[in-house]
Amino acid sequence: MDILRFITAGSVDDGKSTLIGRLLYDSKNILIDQLEALEKQSKNKNENGIDLAILTDGLRAEREQGITIDVAYRYFSTPKRKFIIADAPGHIQYTRNMITGASNSQLIVILIDARQGVIEQTRRHSIIASLLKMKNVVVAINKMDLVDYSEKVYENIKAQYQLVADKLGLENVNYFPISAFHGDNIVEKSSKTDWYKGSALLDFLETVEISENKDENNPRFQVQYVIRPQTDELHDYRGYAGEVISGVYKKGDAITVLPQNIQTKISKIETGGKEVDSVFTNQPAVLHVEDDIDISRGDFLVKSENLPKVENEIEAVVCWLDKKELIEGNKYFIQHKSKTLKAIIKEIEYKIDVNTLEKAPVTENIKLNEVVKVRLKTASPLVFDSFEESQSTGNAILIDETSNSTVGAVMIL
């Protein structure tokens with residue numbers, strides 16, 4: 001069976017944790033001992049006598065306050081598919097956690113409170129979904145029980161969100177009227193929304209087409225570690241260990257070492273301690289080359305006929321994740337997979353207004369959770385593809401030089 005990785009997002013108290021709990025409960029993916037523990041700890045009980053939200057809210061502070069603080073991952077399966085769910089917090093101050101979960105997801109479920117409609121946090125999470133090139137967006141209009149399962153309310157919110165989706169270029173958007181608390185349209189269709197002609201949410205999740213971003217046309221391999229034992233048995237051994245980011249590598253392939261721009265050939269490939277003829281996407285491997293070249297951690301070995309960009313000035317969209325403001329001219333470390341370089345913010349070109357979704361001029365320093373377009377200059381050339389061409393080699397993070405904290409999520413243009 002294939003695996004669908006998805007994230008739930010939305011504002012505070014929109015029902016993200018309850019939705020995941022409902023999926024687990026109604027699909028019978030909760031063990032008896034878990035149910036007994038839930039009954040004892042439940043405060044906000046449904047008709048089954050349990051609070052489904054605490055299935056994912058594992059921290060004590062989360063259970064005391066009834067909120068989600070950190071991303072929680074849950075796993076379940078049905079006869080048709082396996083699932084990995086990331087439950088993201090709704091508070092604005094925890095947007096960084098939401099980005100972390102979304103970066104590894106193939107689909108996003110954005111919950112909207114039927115009483116509130118589309119709000120600022122809905123737009124913020126939609127912008128992130130757009131920036132991360134999420135191929136599938138599910139809009140779950142929750143708490144329909146609190147608006148008497150009104151078709152009019154559902155259609156109005158659907159129209160509101162479609163304006164946001166059109167503005168951001170979100171294409172595969174699917175809408176569901178649900179009640180996570182009562183289980184309406186989650187695992188089975190509800191008779192309370194007889195006007196709704198679509199499927200239940202789980203049925204959609206089981207059948208939605210998912211495409212892995214493996215980018216076989218752009219073979220990329222980044223060195224994570226240089227293996228040089230220098231023992232009597234392995235006196236001349238020199239291998240370059242890493243994971244095949246994309247594509248296929250075969251013994252004898254002509255490759256280019258970047259950023260040095262030196263051509264050579266693959267002389268031997270090892271994986272799992274055995275010599276093999278080829279390796280492919282997501283496989284860990286050790287590559288050997290014919291020539292003696294100074295290759296270090298973070299360097300790329302790529303097919304010579306299809307090269308990425310090698311530049312020390314890049315344009316990028318940055319989601320700012322730190323309480324300390326982003327200021328033009330500040331210096332940071334940029335970490336691009338296993339390569340870390342010094343970088344400076346040369347220019348902040350504009351920021352995205354969360355309410356209008358328009359480009360806005362920058363009149364003051366950039367604050368926590370704001371999204372901006374910047375020009376960066378790195379101390380030495382960076383090897384990359386644009387995020388649109390390859391999410392794997394088109395993303396990076398900014399790290400504060402003094403605190404060593406991650407302060408920015410970077411999508412390279």
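1. Of the 413 residues in the protein chain, buried residues make up 52%. The coordinates belong to a predicted model, and every value below should be read with that in mind. The accessible surface of the protein chain comes to about 19400 Å², and carbon and sulfur atoms contribute 46% of that surface.

2. The secondary structure of the protein chain consists of 7 helices and 22 strands. Among the contacts in the chain with a separation of 6 or more, 69% join residues that are 24 or more positions apart.

3. One open sheet deserves a description of its own, since several later points refer to it. The sheet has 6 strands in the order S2-S3-S1-S4-S5-S6, and the pairing is mixed. S2 and strand S6 (172–177) stand at the edges with a single partner strand each, so one side of each has no neighbour in the sheet. On average, neighbouring strands of this sheet are turned by 25 degrees against each other when direction is ignored.

4. Within this sheet, S4 and strand S5 (residues 136–142) run parallel and are joined by 7 bridges; Ile110, for instance, has Val139 in S5 as its bridge partner. Helix H5 (residues 120–131) packs on the sheet, where it touches S1 and S4, and its direction makes about 170 degrees with that of S4. Helix H6 (residues 151–168) also packs on the sheet, but touches S4, S5 and S6, with a direction that makes about 160 degrees with that of S6.

5. Asp113 may be worth inspecting by eye, as a charged residue in strand S4 (residues 107–113). Is Asp113 buried or exposed? Its relative accessibility is 4%, and Asp113 therefore counts as buried. Once neighbours within four places in sequence are set aside, the residues in contact with Asp113 are Asp13, Asp14, Asn142, Lys143 and Ile157.

6. Helix H1 (residues 16–26) is mostly covered, with 9 of its 11 residues buried. The buried residues are Lys16, Ser17, Thr18, Leu19, Ile20, Gly21, Arg22, Leu23 and Leu24. Which elements do the buried residues of H1 pack against? They pack against strand S1 (3–10), strand S2 (72–77), strand S3 (82–87), S4 and helix H7 (201–207). Just after H1, Lys28 takes a positive phi of about 60 degrees, a backbone detail that can be located directly in the model.

7. Ile99 has its place in helix H4 (residues 95–102), and with a relative accessibility of 8% this residue counts as buried. Apart from neighbours within four places in sequence, Ile99 is in contact with Ile128, Leu132, Cys319, Leu321 and Ala409. Ile99 and Ala129 are 30 residues apart in sequence, while their C-alpha atoms are 8.9 Å apart in space.

8. Gln224, in strand S7 (residues 220–227), has a relative accessibility of 40% and so counts as partly exposed. Its C-alpha atom is separated by 5.1 Å from that of Arg297, although the two residues are 73 residues apart along the chain. Arg297 also appears among the contacts of Gln224 outside the four nearest places in sequence, together with Ala241, Gly242, Glu243 and Ser338.

9. The structure holds 9 aromatic pairs. Phe76 and Phe83 form a stacked pair, at 4.7 Å centre to centre and with 15 degrees between the planes; both Phe76 and Phe83 are buried. Tyr161 and Tyr175 have ring centres 6.3 Å apart and planes at 75 degrees, so this pair is edge-to-face. Because Tyr161 lies in helix H6 and Tyr175 in strand S6, the pair ties together parts that are 14 residues apart in sequence. Tyr161 is buried, with a relative accessible area of 0%, and Tyr175, at 10% relative accessibility, counts as buried as well.

10. Two further aromatic features complete this note. Tyr154, Phe176, Trp195, Tyr196 and Phe204 form one aromatic cluster. Elsewhere, the charged end of Lys303 sits over the ring of Tyr249, at 5.7 Å from its centre.

How values were computed
Residues numbered from 1 in each chain as written. Predicted model: local features only at pLDDT ≥ 70, side-chain atom pairs only at ≥ 80, totals over all residues. Heavy atoms only, no water. Helix = DSSP H or I, 4+ residues; strand = E, 2+ residues; numbered from the N terminus. Buried < 20%, exposed > 50% of the residue type's maximum accessible area, 1.4 Å probe, protein only. Contact = heavy atoms within 4.5 Å. Areas by Shrake-Rupley, 256 points an atom, 1.4 Å probe, with all protein chains shown as cover. Pairing = 2+ DSSP bridges. Axes fitted to C-alpha atoms, helices over the stretch in contact; angles between N-to-C directions. Phe/Tyr/Trp six-rings, centres within 6.5 Å; stacked < 30°, edge-to-face > 60°. Lys NZ or Arg CZ within 6 Å of the ring centre and 35° of its normal.
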